[in-house]
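Here is my note on this model, set out point by point. Please read it with the structure open.

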Amino acid sequence: MTGTARTALWIWLWFIPFSFTGCASLNPFGTPGGDSLEEDEQRLWKTVAEEEKRLDRSGTLYDNPAIVQYVNEVAYRLIPPTMRSGPLTVHVKIVKNPLLNAFAYPNGVIYIHTGILARIENEAQLAILLGHEWTHASHRHAVQAFRSMQRQSAALAAFQVISMPFGIFGSAASALGTVGFVAAVTGYSRANEREADREGLTLAVAAGYAPAEAPRLFEHLKRDLERRKIDEPFFFGTHPRLVERVDSYQEIIRERYAAQSGEIGEDRYRRTMPPLFVDNATTDLAIGRFELAEESLNRVIRQQADHAQALYLLGEVARQRNAEGDPRRSEERYRQAIAANAGYADPHKALGMLLLKRGETRAAETELQEYLRLAPDAPDRAYVEQELRKLSRT
Amino acid sequence: MRRLLVAVLSISILIACAGHQGDWSVVGGPQVIENQGIEVEWPRGWMKFTPANSNEQASKEGWLLTVTRDGVNLQAMTLKKRSLEQGFTNTQKKAAPDISPLDLAELVVDDLRANPYYHDIHVIEHSPTTLDGDPGYKVVIRYRSTAGLHRQAVHYGCLHTGLLYMLSYDAPQRHYYALDLPTFETVKNSLKWKVRELTSS
Amino acid sequence: MTARRLAAAITALILFLPAPLRASELVRAHPDLAAKLPGIKTVVLLPPRISMYEIGAGGTVEAMEDWGTAAQANVSRAFITSPLSVATFRMTEFDEQTLSPTVRETYDETRLLYEVVGDSIKLHTSFDSGPSLFPEKILTFVYSLGSEVQQLAPEADAFLLIEGFDQRSSVGRKVLQAGTTLIAAVLGVIAIPRGGNDLMTVALVEAKTGTILWFYRTTAGYDLRDTSSAAQFAEDVLKALPGHEQQAGVR
């Protein structure tokens with residue numbers, strides 16, 4: 001080593017202690033001495049409050065009151081009474097986004113996408129997912145991650161990403177703040193995630209839910225991704241992370257809940273969620289994810305066979321997919337939708353256009369006129385009138 | 001005011017992108033867009049951004065140019081042209097070569113609905129129109145940006161010589177949208193196909 | 001010490017100069033500013049929006065809400081009480097806490113619109129924008145927030161909007177960067193210390209039309225957590241406003 005290099009090394013070593021912050025251990029909220037916030041944590045919470053304000057203002061929140069209330073009731077049932085009065089807020093917000101995602105801010109507020117709610121099969125699975133997210137907040141995983149990152153400047157590049165090349169809806173990740181980005185996209189350390197699995201499941205079981213639903217949920221999501229042959233950008237949309245969850249939950253169940261049964265709450269979930277299934281299917285349909293849209297809509301039909309909007313949208317799935325047998329299926333669905341609710345305008349137009357393409361002009365005319373009668377202010381009125389004018393000339 | 005920082009950073013990125021991935025120039029008067037078979041008269045004194053050939057995103061979207069007076073977030077008239085095989089930016093659905101203007105318009109709306117930066121989309125108008133004689137669509141939407149700002153946009157489009165041409169105007173709803181809408185309509189009416197002439201000559 | 005090392009040391013010294021000595025300013029005025037200024041008596045100051053960040057030793061950027069709150073309060077006070085503003089206008093503070101739902105909506109939309117308008121001004125009317133400079137916008141600086149702004153305060157002749165951010169290096173980062181620079185000097189290379197960025201914008205907006213009459217941008221690096229620095233900022237802004245002396249004379 002040359003003299004110059006030795007001098008440089010000496011200076012560097014002298015400065016190193018100034019660059020690192022300490023890392024005191026953190027007790028979970030609700031435990032003795034665990035309810036006070038350290039200075040950096042207080043700042044983190046203030047940052048989070050800003051991120052939340054931005055998300056809430058952005059028009060991305062799903063606002064069906066009955067569904068929002070239901071999801072929050074499940075969360076409330078999950079959280080022990082001792083924790084409800086602590087510094088954390090028990091509040092679940094739903095985000096209009098068809099991708100698989102749920103994440104918690106360090107203050108306890110949980111954001112969950114319509115996409116994952118549309119894939120969840122029952123209330124127990126919802127409770128288990130909420131329990132996992134709540135544990136990230138109650139066990140202060142965010143502040144641990146921040147402290148760790150402050151010591152690893154190399155991790156910073158991933159931490160300060162402004163935009164990401166994830167394409168459809170994945171780019172919504174870039175709209176999250178820094179804290180939300182870590183929580184929703186990168187996830188926490190493997191140890192933290194396993195802790196969230198374990199403690200979250202403890203909460204769900206204590207609330208009376210069946211632990212066996214935990215691996216089923218993630219196995220279901222994993223199969224879903226495998227079938228679509230594509231990973232999504234968020235934590236719960238990546239195959240390796242789902243495999244980890246399945247393995248982790250199976251191990252926890254083997255160790256602690258081998259003979260434990262519990263409530264599944266499939267009926268309650270299916271009874272409450274259809275409006276969300278329909279709304280999420282509408283977005284999936286716009287994106288062109290026909291199979292996902294069809295699955296969600298069929299869940300609605302299984303629950304309520306005369307759900308006019310779901311029937312109409314199933315007709316749209318068939319029409320737009322246009323696979324073998326789809327034209328017949330779409331007509332059938334439109335007619336079922338009209339039978340379910342004759343005052344619902346959209347299937348009349350869809351059926352009219354379908355009949356028009358098939359050359360059944362008189363029947364088409366009747367349906368299109370009915371559409372305009374039912375929806376006089378329809379934004380596409382000019383199109384329909386144009387078609388009717390053409391028909392009147394034939 | 002984290003949004004401000006993000007906005008500034010985004011703008012910095014935009015500057016960086018603009019610097020390397022396209023050029024700004026002053027426009028005015030009739031302009032035949034080279035090799036694109038189209039002539040449009042842009043408002044005099046406005047600024048035109050032309051993406052560089054190396055701009056992959058622009059090529060993917062068929063983005064030919066954007067014209068603005070005050071800045072692209074305040075009014076943007078954008079011209080795109082692409083083959084149907086290229087598909088759309090956000091929706092995975094494809095258009096068949098014999099697609100009707102109505103179905104084409106529905107795909108355009110789906111593409112907007114599948115855009116995560118467009119929130120609370122309301123279709124205000126969805127009507128047939130012509131672009132230099134070719135049957136096409138007009139879609140007017142109102143939406144909110146990710147930040148929450150109310151915006152409004154008009155999208156014209158049609159199939160011409162088997163290619164999809166799209167001309168749009170997007171502006172904040174307050175003050176800006178109405179201000180330059182007549183100018184945009186003039187631009188739309190100035191559009192002329194050159195491919196027909198080239199083909200026939 | 002070789003010339004190379006000397007150059008490196010001098011570079012390091014220059015780069016450690018206080019930010020105000022490296023500042024850049026941008027001032028833009030609407031063509032009718034001079035004609036309109038005499039009619040502006042009552043100015044309503046919208047709550048300043050100032051974000052402050054601390055850059056940690058490792059380069060992490062952390063939002064410091066307390067600093068931002070202090071900076072906003074200091075800047076408000078500085079503008080309201082500045083002798084220049086007192087002599088020139090009746091300046092009042094806008095209370096964003098007690099708005100009716102309709103006014104709240106107008107207010108939120110105004111702030112959102114100002115963000116995109118401000119971005120366009122910074123990007124297209126600044127000579128350091130390079131190829132993004134719009135020459136026409138410098139000759140004819142016309143931007144607006146829409147006549148709806150009057151609904152915020154019917155008594156206002158104009159509104160003052162102040163927004164910005166400031167990234168400050170933590171003590172650990174300063175020490176580490178000083179160390180890095182010294183090491184570089186010893187090794188004879190130039191290390192550019194990466195400090196934080198800062199940017200403040202101020203806009204005077206005509207209430208009746210929403211027209212931005214005057215726009216000011218600075219990167220002078222004021223520490224707005226400090227009341228005297230905030231007072232200096234207010235004084236520099238108001239001094240830069242054309243015709244403020246005449247205005248003061250009129251009243």
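**Notes on helix α14(A), chain B and the B–C contact**

1. Start with the residues of α14(A) that count as buried: P274(A), L276(A), F277(A), V278(A), N280(A), A281(A), T283(A), D284(A), L285(A), A286(A) and I287(A). That is 11 of the 14 residues in this helix, so it is mostly covered. Keep in mind that the model is predicted.

2. What covers these buried residues? From chain A, the cover includes α3 (65-78), α5 (114-117), α15 (290-303) and α16 (308-321). Chain B contributes too, with its α3 (101-113).

3. The length of α14(A) checks out. Helix α14 runs over residues 274-287 of chain A, and its 14 residues should span 20 Å at 1.5 Å a residue. The C-alpha atoms at its ends are 20 Å apart, which agrees. Just after the helix, G288(A) takes a positive phi of about 100°.

4. Chain B has 201 residues, and 43% of them count as buried. Its secondary structure comprises five helices and 11 strands. Take the contacts in chain B with a separation of 6 or more: 44% of them join residues 24 or more positions apart.

5. Now the contact between chains B and C. Here 31 residues of chain C are in contact with 26 residues of chain B. On the chain C side, the elements giving two or more residues are β3 (49-55), α5 (101-124), α6 (135-139) and β6 (158-169). Which of them gives the most? It is α5(C), with 11 residues. By class, this side of chain C has 13 nonpolar, nine polar and nine charged residues.

Definitions and conventions
Residues numbered from 1 in each chain as written. Chains lettered and ligands numbered in written order. Predicted model: local features only at pLDDT ≥ 70, side-chain atom pairs only at ≥ 80, totals over all residues. Helix = DSSP H or I, 4+ residues; strand = E, 2+ residues; numbered from the N terminus. Buried ≥ 20, exposed ≤ 12 C-beta atoms within 10 Å, placed from the backbone. Contact = placed C-beta atoms within 7 Å. Nonpolar A, V, L, I, M, F, W, Y, C, P; charged D, E, K, R; others polar. Expected span 1.5 Å × (residues − 1).
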